[in-house]
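This briefing is for a reader at the bench who wants to look through the model by topic. The ligand site comes before the cores, one helix and the cysteines.

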Amino acid sequence: MNLVVVSNRVAHGKANEPMTGGLAAALLPVVEKSGAIWVGSSGRVRDRMQKEPFAEIEALGSGALALLDLPAAHYGGFYEGFANSALWPALHSRSDLIRVSQNDYRSYREVNAFVARALLRFLKKETVFWVQDYHFLALGAELRELGVTEPIGFFLHTPWPGRGIFECVLRHRELAEAMLAYDLIGFQTEEDCQNFIDYLRSVPGLKLNDDIVFSRHGRTRLAVFPIGIDAEKFASAATKALTHPDVSRLRRSLNGEKLAIGVDRLDYSKGLINRISAFDRMWTQEPALLRTVSLLQIATPSRGAIEVYGKLQSDVAKLVGEVNGRHGEVDWTPIRYLNKGFGQAVLAGLYRAAEVGVVTPLQDGMNLVAKEYVAAQNPADPGVLVLSKFAGAANELDTALLVNPHDIEGMANAIALALAMPLAERRMRYEAMMRKLRGHTIQHWFAEFVEALQACRIDRSAGALVRIGATPLWSMRSARGGVRFR
Ligand code: F6P
C-alpha cells in the first residue's frame, strides 16, 4: 500500500521545534514510522500556476514530506477566510463569529481543487489517501472529479456541531454533500458523529443504514476514532526534561510554591478568559492561596490576521495585567504569561513541574495537552488534571476533575480542590487515566483508521481482494481488538 496523508499544517522531523497545534505534532511520529508520504502546505504562496506545484519533497523517516506552495490569489480566502472565519467558528459552536463571503468559499474550493491536482503525482496502483481536518472537507470530491477511484478517508480533528449551527455555514449542503465522496469519515467522539448523522438525515434527507450513509457518490462509512498519544514516550520525555535549562530555571524560581499550567493556542475556543477569571476568583475568595500557587499560562499566538484573534490577544493580555495588578506583590507574580511556543521535549518537563494542569476549553475536538499533561506526571506523586467537560478528551479522562468552563466559581473551587488533593486520590485518578492512555495510543489510532479505510474499500468492491502491503504500523491490530465502528 502507498499511503498519502494530507493536512494543511505539517511538522518537520525535529522534536524540539515548537509546533502550532496538536494535529501536526501528533501525526509526526506515526507518519514518520509508517513510510507514508505526508503532503501539506509549505506556508508560502505562489503567484502563478506552477507546472511543478511542490516546493520541496524531503525524506521523512522511511517516507517523505511534500510541501506545496498554495495559490496566492486564494490563500487568504481559504485560510483566514472560509476555513478559519466560517468553518472553525461553526465547528466550535460559535456561529456568532462567522464572517465570510462567497469569494472566500470560492477560494476554499479552489485550494481544495488545487491540492487534489497536486496529489495526482502520488497516485499509483495501491494508493490510499487519508485527508485530515476541516481545511479539506471537499478534497475527496475534487479527487473523485479527477477520476480517482482509490480509497479516500477523512478524519475531523475538531468537533462537529449541532445541526442548526452547521446550517449557518454558507453553502453547507454543498459541502456536506462533497464530504460524502470519502469512503470513511472519522470523528473524535460519538457526539460529533451523531451530530453529523442528524444533519445528514434532516437537511439533505439522506438514508443511513447503521454506520453507512448512501449518496450519489456511493457508500460512506461514519465512525469514531478518538486520537491518542504515545503515553510511554511522553512519560520518558518528561523524566529526561527535568534537567533541561528552561525546566530547571522554572523549578528554581518557584521557591517551594505550587504551579498550575495551561498550554494553548491563543484561540477563543480555548476559554482563556474564563480560566484566568477562575484563578482571579480563587485568589479573591481564598486569600490563603496567594503566594502558594501561581499559574504559568503559555498562549501561542495564532491566526493573527483575523480580527477576532487580534482582539482576543489584547483582551487576554489586559486581563492578565489586571489580575497580576490586583493580587501581585513586589516579589510575587500570580500569572506568568508567555506568548511563545515550546518544543514537545521542553513542554513535557514543564507539565511535570506543575501540580495542576488546567485544560478548560469551551469546545475542543480532543485536546492532546490534557493527555500529555497526565502522561508527563511523576507516578509516585502525580499532579491533578482540571479538564473541561466540553473537550473530547473528557470521554476517556473521566477521572480528571471535570468542570464547566462557563461556571467560573465552579472552576475556582475545582482548582483549589486539586491543590489540596491527598496523594492517594491523586494516584488513583492518575493511574485510571494512564490505563486509558496506554490502551489507546496514537499508533492504535493510526493503524485502526487505515485498516478501516481499507475495509471500506473491500466492502465497496463487493468482496474484491485488496492487497495490503506488509507495513508494520497499519498491519498491527488494535489492543482493543480492532476497529471501533459505531
Ligand atoms: O483541528 C485541530 C487543528 O488542526 C490543530 O492541529 C490546530 O490546533 C488547529 O486545528 C489548526 O491551527 P492552525 O490554523 O494554526 O494550523
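Helices and strands are here DSSP runs, of at least four residues for a helix (H or I) and at least two for a strand (E), and they are numbered from the N terminus. By that numbering, Asp-133 belongs to the loop between strand 5 (127-132) and helix 4 (139-145). The model is a predicted one, and every value below is computed from it.

**The ligand and its surroundings**

- The ligand is surrounded by 12 residues, of which Arg-9, Leu-23, Tyr-79, Asp-133 and Arg-303 are the closest.
- At least two residues of this shell come from helix 1 (22-34), and at least two also come from helix 2 (72-91).
- Oxygen atoms of the ligand take part in several polar contacts: a polar side-chain atom of Asp-133 lies 2.6 Å from one, a side-chain N or O atom of Arg-9 is 2.7 Å from one, and for Arg-303 the corresponding distance is 2.9 Å.
- Of the 390 Å² of accessible area that the ligand has on its own, the protein covers 91%.

**Two residues with positive phi**

- Asp-133, which is not a glycine, has a positive phi near 75°, and it counts as buried because its relative accessibility is 6%, where the limit for buried is under 20%.
- Arg-171, likewise not a glycine, has a positive phi of about 55°; this residue is found in the loop between helix 5 (163-166) and helix 6, and with 33% relative accessibility it counts as partly exposed.

**Helix 6**

- Within helix 6 (residues 172-179), the buried residues are His-172, Leu-175, Ala-176, Ala-178 and Met-179.
- Viewed down the axis of helix 6, these buried residues fall within an arc of 160°, and therefore they line one face of the helix.

**Nonpolar cores**

- The largest nonpolar core comprises 73 residues, and Trp-38, Leu-385 and Leu-387 have the most contacts inside it.
- Helix 16 (residues 442-460) contributes the largest share of this core, with 8 residues.
- Another core, of 63 residues, lies apart from that one and includes Phe-54, Phe-114, Phe-136 and Val-169.

**Cysteines**

- The count of disulfides is 0, under a rule that requires two cysteine sulfur atoms within 2.5 Å.
- For Cys-193, the closest cysteine sulfur is that of Cys-456, at 12 Å, which is too far for a bond.
- Cys-193 is buried, with a relative accessible area of 0%, whereas Cys-168, at 39% relative accessibility, counts as partly exposed.

Technical notes:
Residues numbered from 1 in each chain as written. Predicted model: local features only at pLDDT ≥ 70, side-chain atom pairs only at ≥ 80, totals over all residues. Heavy atoms only, no water. Buried < 20%, exposed > 50% of the residue type's maximum accessible area, 1.4 Å probe, protein only. Arc of directions from axis to C-beta. Core = buried A, V, L, I, M, F, W, Y, C linked by side-chain atoms within 4.5 Å. Near = heavy atom within 4 Å. Polar contact = N/O pair within 3.5 Å; in protein donor to acceptor, adjacent residues only side chain to side chain. Areas by Shrake-Rupley, 256 points an atom, 1.4 Å probe, with all protein chains shown as cover.
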